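Got the model open in your viewer? Rotate it once, pick a colouring you like, and let's take a walk around together.

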Amino acid sequence: MKEENKRRVLIIRSSGFQHIDKVLPMVRRKFKGAEISILTHIHGKELAEKYGDVNVLVYPYKGNFSVMRPFKTVHYEAVIVPTGNVTGSGFMNVFMFALTVKAKERYICNIKTDFKSLTTLQVFLTAIKGGLIGTASMFFSIPAAIVVFIIWHLLGIRVIRKNEGNNK
C-alpha cells in the first residue's frame with residue numbers, strides 16, 4: 001500500500017491506560033489493518049510502548065492538549081478521544097485539539113467504551129453551551145451570595161441579641 005494511502009488511526013491519550021487497554025482492541029476491530037498511533041505526553045511514553053504494534057507519538061508540550069499548541073501529523077482516517085467518564089464532560093480542550101488534527105472522522109470513546117461520532121458542530125455547540133452555563137452561573141451566584149450574606153447577617157444579629165438577653 002502506498003504511504004499516502006495507508007489507513008491510519010490516532011488515539012489521543014486523554015484518559016488512563018486502563019481505559020486505553022479496553023479501547024485499543026475495539027479500535028483494532030473497527031479499523032482492521034490500520035496503522036494505530038497513540039499521542040501521549042512524555043510521562044506516558046514508556047507505558048504506551050507496552051502495546052508493541054502501536055506507534056507512540058509524544059506531545060511536545062507540557063500541560064493539557066490545546067488548540068494553541070497543535071501537533072503537526074500526517075492525515076488520519078480517524079482520531080479517537082477516550083474520555084474517562086460517560087458524557088465527555090471536562091474534555092473540551094481535547095475535543096478542540098482533535099479538530100486540529102487532519103482526519104476524515106473523529107470519535108469519542110467513553111468509559112463504557114461506546115464509540116460516538118465527534119463532529120466540529122458538536123464541539124462548538126458544546127463549547128457555546130458551556131460558556132452560556134458558566135456565564136449564567138456567574139450571574140446567579142452573585143444574587144445567591146447576597147441572599148446568603150443577608151440571612152447570615154440577620155441570624156448573626158439575632159444570636160447577638162439573644163446572648164445579650166441571657167447576660168442581663
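Here is a stop-by-stop tour, with something to select at each point.

**Before you start**

This is a predicted model, where local features need pLDDT of at least 70, side-chain atom pairs count only at pLDDT 80 or more, and totals for chains, interfaces and linings use all residues. Residues are numbered from 1 along each chain as its sequence is written, and side-chain values use heavy atoms, with hydrogens and water left out.

**Stop 1: the whole chain**

Show the protein chain as a cartoon and you'll find four helices and six strands. Helices (H or I, at least four residues) and strands (E, at least two) are DSSP runs, numbered from the N terminus. Trace the chain along its sequence and the order reads β-α-β-α-β-β-α-β-β-α.

Now switch on the surface. The accessible area of the protein chain is about 10,800 Å², and carbon and sulfur atoms hold 62% of that. Such areas come from the Shrake-Rupley method with a 1.4 Å probe, and for residues only the protein chains shown count as cover. The chain has 168 residues, and 32% of them count as buried. Buried means under 20% relative accessible area, exposed means over 50%, and partly exposed is in between (1.4 Å probe, protein chains only).

How much of the contact count comes from residues 24 or more positions apart? Among contacts with a separation of 6 or more, such pairs account for 65%; a contact means heavy atoms within 4.5 Å.

**Stop 2: strand β4**

Select residues 76-82, which form strand β4. Seven of its seven residues are buried, so β4 is largely enclosed by the rest of the structure.

Next, add its neighbours. Strand β1 (residues 8-12) runs parallel to β4, joined to it by three bridges. Two strands pair if DSSP finds at least two bridges between them. For an example, pick Leu10 and look for its bridge partner in β4, Val79.

Strand β5 pairs with β4 too, again in the parallel sense, over six bridges. Here you can pick Ala78, which stands opposite Glu105 in β5. Bring in helix α3 (residues 92-98) as well: together β4, α3 and β5 make a right-handed β-α-β unit. Right-handed means that, with the strands pointing away from the viewer, the path from the first strand over the helix to the second runs clockwise.

**Stop 3: the salt bridges**

Show the charged side chains. The count comes to six salt bridges, each being a side-chain nitrogen of Lys or Arg within 4 Å of a carboxyl oxygen of Asp or Glu.

Start with Glu77 and Arg7, whose side chains meet at 2.6 Å, N to O. Glu77 sits in strand β4 and Arg7 in the segment before β1, so the pair ties together parts that are 70 residues apart in sequence. Glu77 is buried, at 17% relative accessible area, while Arg7 is partly exposed at 28%.

Move on to Arg8 and Glu35, a salt bridge with its closest N and O atoms 3.6 Å apart. The two link distant parts of the chain, with Arg8 in strand β1 and Glu35 in strand β2 (residues 35-40), 27 residues apart. Arg8 is buried at 8%, and Glu35 counts as partly exposed at 23%. Add Lys6 to your selection, and you have a network of salt bridges linking Lys6, Arg8 and Glu35.

Then try Asp21 and Lys50, which meet at 3.3 Å, N to O. Asp21 lies in helix α1 and Lys50 in the loop between α2 (45-48) and β3 (55-58), so this pair ties together parts that are 29 residues apart in sequence. Asp21 is partly exposed at 35%, and so is Lys50 at 49%.

**Stop 4: Lys22**

Stay with helix α1 (residues 17-30) and select Lys22. Is Lys22 buried or exposed? Lys22 is exposed, with a relative accessible area of 54%. Now select Thr113: the C-alpha atoms of Lys22 and Thr113 are 7.2 Å apart in space, with their positions 91 residues apart in sequence.

**Stop 5: Asn110**

Finish in the loop between β5 (103-109) and β6 (115-117), where you'll find Asn110. Asn110 counts as buried, at 1% relative accessibility. Which residues does Asn110 touch, not counting those up to four places away in sequence? They are His19, Thr83, Asn85, Val86 and Lys116. Zoom in on Val86: the side chain of Asn110 reaches its backbone oxygen at 3.2 Å.

Conventions: Polar contact = N/O pair within 3.5 Å; in protein donor to acceptor, adjacent residues only side chain to side chain.
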